[in-house]
Amino acid sequence: NWAGDITWTPSEILAPHDEEELVKMVKEAHTVGKKMKVVGLGHSWNKIHHPDIGGATMTLSHLKNIIIDRKTNSVRVQAGVTFKLLNVVLAKEGLALNWMSGGIQTLTVGGAVSVGYHGSQINVGTFASLTQNIKLLMANGTFMDMTGKTDESDELRAIRTGLG
C-alpha cells in the first residue's frame with residue numbers, strides 16, 4: 001500500500017490474462033475451499049483487502065479491455081484498466097469521462113468501484129455510483145450480469161463499495 005504499513009504473505013498470487021483463465025482460477029479455488037481476495041494496485045491501506053492466512057491474492061491487472069460504443073455513448077472496461085489508460089484511450093477517440101478521477105491515475109476501475117473512490121467533484125457521487133452494467137464473476141465460476149438493475153437493487157449496491 002502507499003503508506004507501506006500493511007503487509008501480508010499470500011499462499012500464491014494469481015494473475016489471469018483473460019476471462020477464461022479467471023473463471024478457471026476462481027472455480028479451482030472454490031472447489032478446494034481456498035480463500036481468495038482480489039486486489040487492485042494496492043493504494044488502499046485497509047487490512048480488509050488481504051486474504052486470511054494461507055489465502056490467495058488475485059490481481060486483475062492483465063484484464064484491460066476497453067470497448068467504446070458510440071451508439072450509446074458508453075464505455076465497457078475490464079476491472080484491471082487504470083484511470084490513466086482509460087483517459088488516454090478516450091482522449092484518442094475525442095472522448096472523456098464526465099467524472100474527474102482526481103490525481104490518482106494509477107487506480108484500477110475495478111478497485112475504484114470496490115472501495116467507493118470519490119474523485120474530485122463535490123456534485124458527483126462516487127465512481128461506483130456512476131457505474132452500470134457490471135458483470136460479476138461468482139465463486140462457482142458463473143457470471144451474473146447486472147444489466148438493467150436499478151441503482152436501488154441489492155445486488156448492485158452490494159458490489160458498489162463492497163470493500164471486499
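In the predicted model, a salt bridge joins the side chains of Lys135 and Glu19, with an N to O distance of 3.0 Å. Because Lys135 belongs to strand 6 (residues 135–137) whereas Glu19 belongs to helix 1, this contact ties together parts of the chain that lie 116 residues apart in sequence. Both partners are partly exposed, Lys135 having a relative accessible area of 43% and Glu19 one of 29%.

The Lys135–Glu19 pair is one of 3 salt bridges that the structure holds. Another is formed by Glu12 and Lys34, for which the closest N and O atoms are 2.2 Å apart. This pair likewise links distant parts of the chain, since Glu12 is situated in strand 1 (residues 12–14) and Lys34 in the loop between helix 1 (19–32) and strand 2 (36–39), at a separation of 22 residues. With regard to solvent accessibility, Glu12 counts as partly exposed at 29% relative accessibility, and Lys34 is also partly exposed, its relative accessible area being 31%. Helix 1 thus appears in the description of both pairs, in that Glu19 lies within helix 1, while Lys34 lies in the loop between helix 1 and strand 2.

A further salt bridge is made by the side chains of Arg70 and Glu93, which meet at 3.1 Å, N to O. Here each partner is placed in a loop: Arg70 lies between strand 4 (66–69) and strand 5 (74–77), and Glu93 lies between helix 2 (83–92) and helix 3 (109–115), so that the contact ties together parts 23 residues apart in sequence. Arg70 is partly exposed, with a relative accessibility of 45%, and Glu93 falls into the partly exposed class at 39%. As a general matter, pairing of this kind can arise when the charged atoms of oppositely charged side chains come close.

The loop that carries Arg70 lies between strand 4 and strand 5, and these two strands form a hairpin with 4 residues between them. Strand 4 and strand 5 run antiparallel and are joined by 4 bridges; within this arrangement, Ile67 stands opposite Arg76 of strand 5. In the turn of the hairpin, Asn73 has a positive phi of about 50 degrees. Arg70, in the loop between the two paired strands, therefore connects this part of the chain with the loop between helix 2 and helix 3, where Glu93 is found.

Conventions. Residues are numbered from 1 along each chain as its sequence is written. This is a predicted model: local features need pLDDT of at least 70, side-chain atom pairs count only at pLDDT 80 or more; totals for chains, interfaces and linings use all residues. Side-chain values use heavy atoms; hydrogens and water are left out. A salt bridge is a side-chain nitrogen of Lys or Arg within 4 Å of a carboxyl oxygen of Asp or Glu. Buried means under 20% relative accessible area, exposed over 50%, partly exposed in between (1.4 Å probe, protein chains only). Two strands pair if DSSP finds at least two bridges between them.
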